[in-house]
Every structure is written in C-alpha cells, then in structure tokens.
Amino acid sequence: MLVSAKEMLTKAKAGKYAVGQFNINNLEWTKAILQTAQELNSPVILGVSEGAGKYMCGYKTVVGMVNGMLEELNITVPVALHLDHGSFEGAKACINAGFSSIMFDGSHYPIEENIEKTKQLVNACDILGLSIEAEVGSIGGEEDGVVGAGECADPEECKMIADLGVTMLAAGIGNIHGKYPDNWQGLSFETLDAVQAKTGDMPLVLHGGTGIPAEMIKKAISLGVAKINVNTECQLSFQEATRKYIEEGKDQQGKGFDPRKLLAPGAEAIKATVKEKMELFGSVGKA
Ligand SMILES: [Zn+2]
C-alpha cells in the first residue's frame, strides 16, 4: 500500500539521512526502483512529473501500475507516489487519482499567491492523509518545460511557507535540474543553513541530485536535507547501457530483439544507480 512521505521523512531528518526520490517513466523504471528499494530495505519515493504522467497515459494508469507492482512484487518497504513539480491543477488531479504525496511548485508565483494556493492544497492533503511538498526560490535548469532560474531561496519566505503546514520544503540553494555546467558555483550551504535555522524540524528537499559531488550531498544531509531528487542520472545510466547493448550488436543475435532482453541492461543500470544513491544518502536498512 502506498504511504504518505511524512513518516519516512520525519525519521530521515531525525536520523540524519535522506530518502531518495527517483522519477519514473515506464514499467521498467518503476520495477527497477521498487525492487532495489526492497532489496536494500530502504524507504523510497517514486516521482512523477506532469510530463511523465501524460506519457504513461495519465495519473490513474500510474497509480494502477504502481499499486499492482507493490502487491505482485511483495514490496513491503514504505513507498510514496509523489507528483513532482505539480501545477495547482496537476496536484488536484493526482489527489483524485490516488497519489499518496504531491508537490505544488508555486515558486514562479509572487509569494502571496504561492502561499494562498499552497494553503488550499495543504488543507486537502491534511484531510486525506497525504504529504505535500512546496517550493520556494526556483530551482535552476529545465524539467518538463518548467524552467527555473537557479536562485537561492529567501529564508524568511521559506518560514512563511513551512508554517502553512507543508510536509517538506524544497528551497533553491544553487541547485540545478539536469547536468551541472562546468562553471557551476556549487551548493550554497550558507542559504541551506539559514533556511534550516528558520524552519527547524521541517524536512528539506534537494532537487537536481544528478552530479552533485558526494561530499556536498553528505554536507547537505547534515544541514537538514532529508529528501533528494534523482531523475537525470537514471536516464543517463539507462541510455548508456542500452547504447552498449545495441553497439555490441546484441539486438541482432538470437532473440536479442525481444524487448524484454533489449530493455534489460538499461533496467539493470537503473538498479545500480538507485543502489549507489541509496547508499550515499544513508537510507539502506531504514525501512
Ligand atoms: Zn525538481
């Protein structure tokens, strides 16, 4: 059964580790992530962007697929199904479809409007027992057409949003979606520290986990980050393994054209990436 992300993140924050959010795109992705979480006895959050939701034929299809897998694969570790960078309408649709967690990304609105819309969704989630993530200070790079400037969040604004009763808070601290450019300045630990000082026990979320050096990840966790989003890195692992399979001509040998064989190396590569991240984040054995 899907669970809200509240309990797993409260435990993570108190235990000084982070739970990974891994975005899903299809059946192979979902299966690889769930199996790895179960194998490592780690809690996990499955992230679904609005674009990926559309690609998978809508939120109801996603909920059906994930719930089916939890049962058929005997998944017993805590799993949350979470909307990533949701619009107000997207968040409502996911609540209705059976997601256990949503993110409302109101970072592009003026702070008053972000507060007003977040407040409405906090009420709905509260009644239904769902977790909700809000964002302050847009996160750089592009994700599914949502383009962020990569700002550092204002700690005062973070406190205003945290006080609305959200479960977790994403604050821009110089992080970027996708691959980091060579001239990237690194995370602003000064901002993170100030946000944590203002928001106390609130689990903080680090977006754009792909390519942040391990030492920075560990420091971010020590400063209150309890959820880390990984998306691009699984895509790159999948791409590399699939490319190798085809370049080695394996798709042309025997039944190598069978999609179950063709997609297997990519799925294995996703598992390896998820395992590496769970070990780095410290969530192994914490289910
Ligand atoms: Zn993000």
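Here is a short chat about helix packing, the nonpolar core and some loop residues in this predicted model.

Visitor: Why are α4 and α5 called oblique to each other?
Guide: Helix α4 (residues 59–72) and helix α5 (residues 88–97) pack at about 40 degrees, with axes 9 Å apart. Roughly parallel needs an angle under 35 degrees, and roughly perpendicular runs from 65 to 115. The α4 and α5 pair falls in neither class, and is therefore oblique. As for handedness, α4 passes α5 in a right-handed crossing.

Visitor: Which residues make that contact, and how do they divide into nonpolar, polar and charged?
Guide: From α4 you get Y59, K60 and V63, and from α5 you get A93, C94 and A97. That splits into five nonpolar, no polar and one charged. Lys counts as charged, while Tyr, Val, Ala and Cys count as nonpolar.

Visitor: What makes the contact of α2 with α4?
Guide: On the α2 side it's L27, T30, K31 and L34, and on the α4 side M65, V66 and M69. Five of these residues are nonpolar, one is polar and one is charged. Helix α2 (residues 27–39) packs on α4 at about 40 degrees, with the axes 11 Å apart, and α2 passes α4 in a right-handed crossing.

Visitor: How do α7 and α8 cross, and at what angle?
Guide: The axes of α7 (residues 155–162) and α8 (residues 189–199) come within 9 Å and cross at roughly 35 degrees. The crossing of α7 past α8 is right-handed. P155, C158, K159 and A162 in α7 meet A194, V195, K198 and T199 in α8. By class, that contact has five nonpolar, one polar and two charged residues.

Visitor: What stands out in the largest nonpolar core?
Guide: It has 74 residues, and those with the most contacts inside it are A18, I33, L46, I102, L169, A171 and I270. Helix α12 (residues 264–281) gives the most to this core, with six residues. In general, nonpolar side chains tend to be buried together in soluble globular proteins.

Visitor: What is I33 in contact with?
Guide: Setting aside neighbours within four places in sequence, I33 is in contact with F22, I24, V44, L46, I270 and V274. A pair counts as a contact if the C-beta atoms lie within 7 Å.

Visitor: Why is C57 called exposed?
Guide: C57 has 11 other C-beta atoms within 10 Å. The cut-off for exposed is 12 or fewer, so C57 qualifies as exposed. C57 sits in the loop between α3 (50–55) and α4, and has a positive phi of about 75 degrees although it is not a glycine.

Visitor: How do you know that N74 is exposed?
Guide: Use the 12-or-fewer cut-off again: N74 has 8 other C-beta atoms within 10 Å, so N74 is exposed. N74 is in the loop between α4 and β3 (79–84). Its phi is near 55 degrees, a positive value in a residue other than glycine.

Visitor: What makes G256 partly exposed?
Guide: Buried needs 20 or more, and exposed 12 or fewer. G256 has 14 C-beta neighbours inside 10 Å, which is in between, so G256 counts as partly exposed. G256 lies in the loop between α10 (232–247) and α11 (259–262). Leaving aside neighbours within four places in sequence, G256 is in contact with K250, D251, K261 and L262.

Visitor: How far apart are G256 and A93 in sequence and in space?
Guide: They're 163 residues apart in sequence and 40 Å apart in space, C-alpha to C-alpha.

How values were computed
Residues numbered from 1 in each chain as written. Predicted model: local features only at pLDDT ≥ 70, side-chain atom pairs only at ≥ 80, totals over all residues. Axes fitted to C-alpha atoms, helices over the stretch in contact; angles between N-to-C directions. Helix = DSSP H or I, 4+ residues; strand = E, 2+ residues; numbered from the N terminus. Parallel < 35°, antiparallel > 145°, perpendicular 65-115°, else oblique. Left-handed = near helix turned anticlockwise from the far one by under 90°. Contact = placed C-beta atoms within 7 Å. Core = buried A, V, L, I, M, F, W, Y, C linked by C-beta atoms within 7 Å.
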